[in-house]
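Biologist: Could you take me through a single part of this model in detail, starting with the pocket and the parts of the chain that shape its lining? I would then like to follow the side chains outward from there, through the rings and the charged groups.

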Amino acid sequence: MIRKFEDLKVWQDARMFVNVVYNLTNSDVFRRDYGLKDQIQRASVSIMNNIAEGFERDSNKEFVKFLLYAKGSAGEVRSLLYIAYDLHYIAKEEFETALEQSLNIIKQISKFISYLKTKTN
């Protein structure tokens, strides 16, 4: 039973993903690119925060809207990961792992949106 946003697996995974992104951006070379570091960190935080905010709106229509924002932020993180990889800020294995995690979150959000669109409230 889901009673609060913290019970949602997608929010839990998004929370873990924030830690992944912050760990990736902690390297010396990444840290020096303040603009990219700040942007990817903010976008990753936005994923979990939009899931939480949408849940608290107490309306499936509003929740879907915020899940779409979260999905967009996850896409932004994916794009930024490519930049970080192309600039050699992160290793190939780090890139692939983070990319896979972001895709997993996007899939969860998409399925959740589809589910909520069939429910009314």
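Modeller: In this predicted model, helix H4, which covers residues 60-86, and helix H5, which covers residues 92-118, each supply at least two residues of the lining of the largest pocket. H5 gives the most to that lining, with 3 residues. The volume of the largest pocket is about 230 Å³, and among the 12 residues that line this pocket, those closest to its centre are Phe55, Asn60, Phe63, Phe112 and Leu116. By residue class, the lining of the largest pocket is made up of 7 nonpolar, 3 polar and 2 charged residues.

The phenylalanines named there lead on to the aromatic side chains. A pair of aromatic rings is described by the distance of the centres and the angle of the planes. Across the whole structure, a search finds 7 aromatic pairs. In one of these, the rings of Phe55 and Phe63 have centres 5.9 Å apart and planes at 85°, so the pair counts as edge-to-face, for which the angle must be over 60 degrees. Phe63 has a relative accessible area of 5%, and because buried means under 20%, Phe63 is classed as buried. Ring pairs join Phe55, Phe63 and Phe112 into a cluster, and these three residues are also among those closest to the centre of the largest pocket.

Another aromatic pair is formed by Phe5 and Trp11, whose ring centres are 5.2 Å apart and whose planes stand at 65°, so this pair is edge-to-face too. Phe5 and Trp11 are both buried.

Turning to the charged side chains, the general idea is that side chains of opposite charge can pair when their charged atoms come close. The structure holds 8 salt bridges, and one of them involves Glu53 and Arg57, with a distance of 2.6 Å from N to O. Arg57 has a relative accessibility of 38% and therefore counts as partly exposed, while Glu53, at 36%, also counts as partly exposed. Neither of these residues stands alone with its partner, because a network of salt bridges links Glu53, Arg57, Glu62 and Lys65.

In helix H5, the side chains of Glu96 and Lys92 meet in a salt bridge, at 3.9 Å from N to O. Because Glu96 and Lys92 are 4 residues apart in helix H5, about one helical turn separates them. Glu96, with 41% relative accessibility, counts as partly exposed.

A salt bridge is also found in helix H1, which spans residues 9-24 and contains both Lys9 and Asp13, placed 4 residues apart, or about one turn of the helix. The closest N and O atoms of Lys9 and Asp13 are 2.6 Å apart. Asp13 has a relative accessibility of 11% and so counts as buried.

One last residue gives a sense of distance across the model. Gly35 belongs to helix H3, residues 34-55, and at 46% relative accessibility it counts as partly exposed. From Gly35 to Lys111 the separation is 76 residues in sequence and 32 Å in space, taken from C-alpha to C-alpha.

Key
Residues are numbered from 1 along each chain as its sequence is written. This is a predicted model: local features need pLDDT of at least 70, side-chain atom pairs count only at pLDDT 80 or more; totals for chains, interfaces and linings use all residues. Side-chain values use heavy atoms; hydrogens and water are left out. On a 1 Å grid over the protein atoms alone, a cavity is a set of points where a 1.4 Å probe fits but cannot get out, and a pocket is an open set with protein on both sides within 12 Å along at least five of seven lines; lining residues have an atom within 4 Å of a point. Grid points are joined across faces, edges and corners, and a volume is the space filled by probe spheres set on the points. Ala, Val, Leu, Ile, Met, Phe, Trp, Tyr, Cys and Pro count as nonpolar, Asp, Glu, Lys and Arg as charged, and the others, Gly among them, as polar. Rings of Phe, Tyr and Trp (its six-membered ring) pair if their centres lie within 6.5 Å; planes under 30 degrees apart count as stacked, over 60 as edge-to-face and the rest as tilted. Buried means under 20% relative accessible area, exposed over 50%, partly exposed in between (1.4 Å probe, protein chains only). A salt bridge is a side-chain nitrogen of Lys or Arg within 4 Å of a carboxyl oxygen of Asp or Glu.
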